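User: I am new to this structure and would like a close look at a single part of it. Please take the sheet and the helices that lie across its strands, and explain the arrangement step by step.

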Amino acid sequence: MYTLRKKGSKISVVLFIVATVMCIGVFAFGGTATAKEYVYDGKVEHIFTHELVYDTDKAFSEGNSLRNCFDKDHLTASEFGKLLDSLYSRGYALISLDAALGNADIVMPRGKKPIVLSFDDMTYDTVGRGCIDKIIVSDGTICDYTARDDVKITRERENISILEKFIEDHPDFSVDGARATVCVNGYNGILGYRITPDCNVSDKIMKRDAESCKELVAELKRRGYTFASHTYYHKYFNGMSHADVEKDCAMWRKYVEPIVGETRVLCFPAGEHNAKSDKFGVFRKYGFDTFLCVGAGATDYERELSDATFIYRKPFDGTALRLYKKQYAQLVDCEAIYDSSRFRPYSYRGGYHC
């Protein structure tokens, strides 16, 4: 298990409350601010999305069994682009998760506020239903690829490719080359590449995809992306046994870690977890000490852990846009960016578990 700090000891765990974090961050500007910089000491927002829906006709059609899932848990490509526009216009700029969790001052360009971004799932196991097939490198550029479309390669359909294009156009949106943290599963591969036996492909395809995916990951890391475990099987914590958690972590280490590299960061599916559970000790065994969550903020127990950090993030998806307009007002006008091609009107108030 993780260690409870002694009563009265100095609190060193960084907390993200209602998906915002009180940060002691590190940023590589030589340690002191210049006339064009300042030391930021406020809350650092952390937001996340899942894969994007780009073909809304397919994704939201009555015949698509994933229609409700896509509506509740995903943004459209249009919404994500408008979200970036809004963040930029309001003075936000990306910093890395590592910068937010460091022990030095967060030094920002004057007029900029830090924000941390992460992407969850990123498997692309819904081919032909309105999401892309994979992320690729094309002529040295990060792109999205969809085999069934007339235009197969674009930079307009997925979060990573859209973000890369946005930073090219607005380089001051990324401080010190920061990008997003990519939280990937393993049960059906990552980033569109079938790299694990659960993908039910031949050994030849699995080996080919693993080699291609390693090259892509290396390029993404070179550009500033970091990687986290979103667990191997994407099962909810409360329904897993101790043996299930052990198997999940072992599968991640065997099949996904060789592709993305070691990471201390684990992202809980749906944010579901219980830090008091005996099962939590398995994560320590496998080297995880930074946990990405969703919700209202760390529990008292989590605050008292001296060797684990719990980061609470704001989700951006169809449900959040409809329900959290007031809570998200400092970041974006949710109603203004809402995609009218969704099958539910903005007035719909059903929640995540409706």
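Analyst: In this predicted model, helix 6, which spans residues 203-223, lies across strand 8 and strand 9, and the direction of helix 6 makes an angle of about 130° with strand 9. Helix 5 also lies across these strands, but its list includes strand 10 as well as strand 8 and strand 9, and helix 5 runs at about 145° to strand 9.

The sheet beneath this description is an open one, built from three strands in the order 8-9-10 with antiparallel pairing. Because strand 8 (134-138) and strand 10 (153-154) each have a single partner strand, they stand at the edges, and one side of each is left without a neighbour in the sheet. Strand 9, covering residues 141-145, is joined to strand 10 by two bridges, and the two strands run antiparallel; within this pairing, Asp144 has Thr154 of strand 10 as its bridge partner.

Returning to helix 5, residues 159-169, one finds that it is mostly covered, with eight of its 11 residues buried. Those buried residues are Asn159, Ile160, Ser161, Ile162, Leu163, Glu164, Phe166 and Ile167. Two of them, Ile160 and Leu163, appear again in the largest nonpolar core, which has 79 residues, where they are listed together with Leu191, Phe283 and Phe291 as the residues that touch the most other members. The largest share of this core, seven residues, is supplied by helix 7, which covers residues 242-260.

Note on methods
Residues are numbered from 1 along each chain as its sequence is written. This is a predicted model: local features need pLDDT of at least 70, side-chain atom pairs count only at pLDDT 80 or more; totals for chains, interfaces and linings use all residues. Side-chain values use heavy atoms; hydrogens and water are left out. A nonpolar core is a set of buried Ala, Val, Leu, Ile, Met, Phe, Trp, Tyr and Cys residues joined through side-chain atoms within 4.5 Å. Buried means under 20% relative accessible area, exposed over 50%, partly exposed in between (1.4 Å probe, protein chains only). Helices (H or I, at least four residues) and strands (E, at least two) are DSSP runs, numbered from the N terminus. Two strands pair if DSSP finds at least two bridges between them. Contact means heavy atoms within 4.5 Å. Axes are lines fitted to C-alpha atoms, for helices over the stretch in contact, and angles run from 0 to 180 degrees between N-to-C directions.
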